[in-house]
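Open the model in your viewer and keep the selection tool ready. The tour goes stop by stop.

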Amino acid sequence: MFKPNQLKRRFAAGDALFGAWVETGSATNVEILAHQGFDFLILDLEHGLGELRDAVDMLRAAEGGTPCIVRVPWNDPIILKRLLDAGANSLMIPSVETAEEARAAVAACRYPPQGRRGYAAPLVRASTFGKAADYMTRANEELLIVIQLESADAVRRAAEICAVEGVDVPFLGVNDMAGSIGMLEQLDRPEVRALVGEAEKAMLASGKPMGTVPSAGADWQSLIHAGYRLVPVASDVGLMRDAALAVVREQVKFREERTGAAVHSALPMDRAHAY
């Protein structure tokens with residue numbers, strides 16, 4: 001349903017925002033998280049389980065709670081158009097490699113003459129099914145576009161990508177960037193940290209709020225000190241997994257103390273999680 005974009009207003013006010021990913025495609029999980037005080041939720045349709053209809057259900061579940069960013073599966077104009085018509089006013093677009101790709105994404109999200117988004121405004125959920133009479137005049141200005149830089153090549157072109165008008169937030173995907181130089185999950189390597197620094201320099205110079213996830217050597221506090229303003233710090237999967245593991249570990253410990261014997265369990269090995 002049409003409403004002013006709270007995230008754009010908070011960025012304009014200089015706020016740094018903390019949020020959570022929703023990977024399960026579950027409207028119930030969205031509804032729970034939307035009432036916990038996060039600044040935003042990212043509804044992940046790239047790596048998450050949700051489809052278009054799930055995205056609509058998740059957006060409905062968050063209404064009155066927390067504003068949502070929908071991460072689309074790909075920089076595809078048809079996908080972008082359908083999610084905008086469905087009522088998303090903030091989109092995250094993965095794996096943008098060039099300024100040309102960024103411009104194409106912006107154009108696909110904007111109505112003419114600023115872009116080439118297809119018109120069905122009186123009929124779609126985004127305009128409250130035609131009830132928001134000013135939707136056509138306000139849709140472009142209420143749009144928030146987050147562009148993900150996820151490779152070494154994208155980092156080298158970061159200044160050009162960030163300079164594209166309509167790109168509101170550049171967002172660094174550290175693990176995929178590391179993978180592009182053969183160092184997936186080796187986020188503390190000097191080569192990876194050097195690329196992070198190069199990306200940060202370009203993003204900060206653009207004057208636009210920048211985002212990323214906590215990673216090796218960069219917890220959420222240090223990210224804020226470094227100038228990041230869009231920081232997802234949790235996910236529905238991670239929160240449920242970690243809470244479940246804590247409960248199981250407590251039961252295993254209790255049984256071991258009670259019987260004096262080691263209890264065999266299927267507890268996974270500890271490891272660092274990006275989110």
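**Stop one: helix α5**

The buried residues of α5 pack against four elements: α4 (77-85), β4 (90-93), β5 (144-149) and α8. Contact here means heavy atoms within 4.5 Å. Helices (H or I, at least four residues) and strands (E, at least two) are DSSP runs, numbered from the N terminus. This is a predicted model: local features need pLDDT of at least 70, side-chain atom pairs count only at pLDDT 80 or more, and totals for chains, interfaces and linings use all residues. Residues are numbered from 1 along each chain as its sequence is written, and side-chain values use heavy atoms, with hydrogens and water left out.

Now select Ala99, Ala102, Ala105, Val106, Ala107, Ala108 and Cys109 in α5; they are buried. Buried means under 20% relative accessible area, exposed over 50%, and partly exposed in between (1.4 Å probe, protein chains only).

**Stop two: the cysteines**

Stay on cysteine 109. How many disulfides does the structure hold? Zero. A disulfide would need a pair of cysteine sulfur atoms within 2.5 Å. Select cysteine 68: its sulfur is 17 Å from the closest cysteine sulfur, in cysteine 109, too far for a bond. Cysteine 109 is in no disulfide. Cysteine 68 is buried at 8% relative accessibility. Cysteine 109 is buried too, at 1%.

**Stop three: salt bridges**

Next, show the charged side chains. A salt bridge is a side-chain nitrogen of Lys or Arg within 4 Å of a carboxyl oxygen of Asp or Glu. The count by this rule is 16.

Select arginine 110 and glutamate 165. They form a salt bridge, with the closest N and O atoms 2.7 Å apart. Arginine 110 sits in the loop between α5 (99-109) and α6 (135-138), and glutamate 165 in the loop between α8 (158-162) and β6 (169-172), so the pair ties together parts 55 residues apart in sequence. Which end is buried, and which is exposed? Arginine 110 is buried at 13% relative accessibility. Glutamate 165 is exposed at 56%.

Move to glutamate 142 and arginine 138. Their side chains meet in a salt bridge, 3.2 Å from N to O. Glutamate 142 is buried, with a relative accessible area of 4%. Arginine 138 is partly exposed at 21%.

Then pick arginine 189 and glutamate 191. This salt bridge has its closest N and O atoms 3.5 Å apart. Arginine 189 is partly exposed at 31%. Glutamate 191 is partly exposed at 37%. Now select Arg9, Asp134, Arg138 and Glu142: salt bridges that share partners join them into one network.

**Stop four: α2 and α3**

Select α2 (residues 27-34) and α3 (residues 52-62). Their axes come within 8 Å and cross at roughly 25°. Axes are lines fitted to C-alpha atoms, for helices over the stretch in contact, and angles run from 0 to 180 degrees between N-to-C directions. The two helices are therefore roughly parallel to each other, the term for angles under 35 degrees. The crossing of α2 and α3 is right-handed: the near helix is turned clockwise from the far one by less than a right angle. On the α2 side, show Ala27, Val30, Glu31 and Ala34; on the α3 side, Asp57, Met58, Ala61 and Ala62 make the contact.

**Last stop: alanine 234**

Select alanine 234 in strand β8 (residues 228-235). Alanine 234 is buried, with a relative accessible area of 11%. Add glycine 173, 61 residues away along the chain; the two C-alpha atoms are separated by 15 Å.

How values were computed: Angles under 35 degrees count as roughly parallel, over 145 as roughly antiparallel, 65 to 115 as roughly perpendicular and the rest as oblique.
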